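Here is a set of short exercises to work through with the model open in your viewer. Try each task first, then compare your route with the worked solution.

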Amino acid sequence: MDGLDLDKAGKDDNDVLVVGAGVIGLAVALALLQAGRQVTVIDAGRIGGGASHGNCGTITPSHAPPLAAPGMITTAIKWTLMPDAPLYIKPRFDPVLWRWLLGFSARCNERDWLASAHAKHTLLADSRVRLTDWVRDFGLECEYVQGGEDYVFRDPRKLEHEQHELPLLRELGVPMEIVDGAAYEAFEPALKPGVVGAIRFTGDASLRPDRYVAELARLVRKHGGTIIEDMPLQSLERDGERLTVLTAAGRLRARDVVIATGAWSSRMAKEIGLPWLRKAIQPGKGYSITYSRPARVPKTALMLRDRSVCVTTWGDGYRLGSTMEFSGYDTSLNERRLGALERGAREFLHEPVGPEMRERWYGWRPMSRDDIPLIGRAPGHQHLWLAIGHGMMGVGMSTGTGQLIADMIQGRQPAVDPAPFDPARFS
């Protein structure tokens, strides 16, 4: 909707206003529409223009263990000297980042690691089942494949280390099998010789993220929702029992407002009256390269675990992605980190890249201090809700987050315990 004059468009008629038209905001909007609410979605840019666009599209209950793990601080310090390391913290004076890292480091212990893993898994597992239902019930055309995801290793030490997490994943009910290198090479001819083993997470899935987001937007509109692009939020104010959002086009009043602005949430903390968000969320920059499809591609989504490179394939496309870089809101494409994706793929794959390079991309993931999203009522506000901080799991947690927010707003008993996701833990 271009050239919208809010003063003439029913500015007082909004029931629920969702701020953010990425995968989380659109899933929230669709779940609320299904609950009988009227929904308007606004976004500062275009639909799915942030981290929802260039990720690898894996749906991974197997990724429940959080980034804040025992030993991670030592690893991160070592990797600071390696600009192409899987996790890189760009050395600089940034008091907000260092406060966030201090809080993150406090979580790198066995007790908090286990608590975060259990919380993440409940939402990932619920979302995995719910996504299958949405694909079936709504007819989502997003190249959804329930083919699992395989962690592949060439370094026996990496394989041995990875198996330390398997007892926890078995306890959580994550289906898996360990395959020796020779058997896996016979199964997957796209891989070069030298595989020492693989872990198959058979309950994982994958989809094409840009099409998934486009399908969610289509369904929001089909079910009566409104999406307005290029309309950034400038401020948010309480107005009696309603909330008023100021935009460049005018004011929007709503009974409930849901903030689903991903990594931009901490930058908007002052505008939405939640200054503590700056301490809770940092942008974690990820990269991907998309190609036309090579002749020989893996049968399923792969994580080349020695190099932390994810490989996904679609009908006419092929993507290498991953990495985590804490460099603030830096807008440059780091050639060294992009190159690390291709170097990792060349170690493992006969055809590591496609014949045509289509896009080199970066996006900021919203990394919460404890690697658990903030989902629920904003502290001190009756009708302001948060659905942010999903880190690298936004696509995989989208349907569960949408339903959880809809249930809480409607006062229904949620399928997932909302307590671990309560935003009040950071305020």
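## Exercise 1: Two residues with unusual phi

Asp371 sits in the loop between strand S17 (357-368) and strand S18 (374-377). The model here is a predicted one, so keep that in mind throughout.

**Task.** Find the sign of phi for Asp371 and for Ser322, then decide whether each residue is buried or exposed.

**Solution.**
Step 1. Start with the expectation: most residues other than glycine have a negative phi.
Step 2. Asp371 goes against it, with a positive phi near 65°.
Step 3. The relative accessibility of Asp371 is 7%, so Asp371 counts as buried.
Step 4. Turn to Ser322, a residue of strand S16 (residues 318-326). Its phi is also positive, near 125°.
Step 5. Buried means under 20% relative accessible area. Ser322 has 19%, so Ser322 is buried.

## Exercise 2: Helix H1 against helix H12

**Task.** Work out how the axes of H1 and H12 are arranged, and which residues bring the two helices into contact.

**Solution.**
Step 1. Select helix H1 (residues 23-34) and helix H12 (residues 394-410); their axes come within 8 Å and cross at roughly 40°.
Step 2. Angles under 35 degrees count as roughly parallel, and 65 to 115 as roughly perpendicular. The crossing therefore makes H1 oblique to H12.
Step 3. The crossing of H1 with H12 is right-handed.
Step 4. On the H1 side, the contact is made by Val23, Ile24, Ala27, Val28, Ala31 and Leu32. Their partners in H12 include Gly394, Val395, Ser398, Gly402, Ile405 and Ile409.
Step 5. Sorted by class, this contact of H1 with H12 holds ten nonpolar, six polar and no charged residues.
Step 6. Zoom in on Ala31, which belongs to helix H1. Its relative accessible area is 3%, so Ala31 is buried.
Step 7. Setting aside residues up to four places away in sequence, Ala31 touches Gly402, Gln403 and Ala406.
Step 8. Check a distance too: Ala31 and Gly400 are 369 residues apart in sequence, with their C-alpha atoms 9.4 Å apart.

## Exercise 3: Helix H1 against helix H9

**Task.** Describe the arrangement of H1 and H9, and sort their contact residues by class.

**Solution.**
Step 1. The axes of H1 and helix H9 (residues 209-222) come within 9 Å, crossing at roughly 30°.
Step 2. Angles under 35 degrees count as roughly parallel. H1 is therefore roughly parallel to H9.
Step 3. H1 and H9 cross in a left-handed way.
Step 4. Val23, Leu26, Ala27, Ala29, Leu30 and Leu33 of H1 meet Tyr212, Val213, Leu216, Ala217, Leu219 and Val220 of H9.
Step 5. By class, the contact of H1 with H9 has twelve nonpolar residues, no polar ones and no charged ones.

## Exercise 4: Helix H5 against helix H12

**Task.** Decide how H5 and H12 are oriented, and count the charged residues in their contact.

**Solution.**
Step 1. Helix H5 (residues 110-138) packs on H12 at an angle of about 90°, with the axes 7 Å apart.
Step 2. H5 and H12 are therefore roughly perpendicular to each other.
Step 3. From H5, the contact residues include Lys120, Asp126, Arg130 and Trp134; from H12, they include Gly396, Met397 and Gln403.
Step 4. By class, the contact of H5 with H12 has five nonpolar, seven polar and three charged residues.

## Exercise 5: The nonpolar cores

**Task.** Identify the residues with the most contacts inside the largest nonpolar core, and say which element gives that core its largest share.

**Solution.**
Step 1. The largest nonpolar core has 69 residues, and Val18, Tyr212, Val258 and Ile405 have the most contacts inside it.
Step 2. H1 provides the largest share of this core, ten residues.
Step 3. Follow Tyr212 outward: leaving aside neighbours within four places in sequence, Tyr212 is in contact with residues including Val23, Leu131, Cys142, Val395 and Thr399.
Step 4. Another core, of 27 residues, lies apart from the largest one, and Leu274, Leu277, Leu374 and Ala378 are among its members.

Conventions: Residues numbered from 1 in each chain as written. Predicted model: local features only at pLDDT ≥ 70, side-chain atom pairs only at ≥ 80, totals over all residues. Heavy atoms only, no water. Axes fitted to C-alpha atoms, helices over the stretch in contact; angles between N-to-C directions. Helix = DSSP H or I, 4+ residues; strand = E, 2+ residues; numbered from the N terminus. Parallel < 35°, antiparallel > 145°, perpendicular 65-115°, else oblique. Left-handed = near helix turned anticlockwise from the far one by under 90°. Contact = heavy atoms within 4.5 Å. Nonpolar A, V, L, I, M, F, W, Y, C, P; charged D, E, K, R; others polar. Core = buried A, V, L, I, M, F, W, Y, C linked by side-chain atoms within 4.5 Å. Buried < 20%, exposed > 50% of the residue type's maximum accessible area, 1.4 Å probe, protein only.
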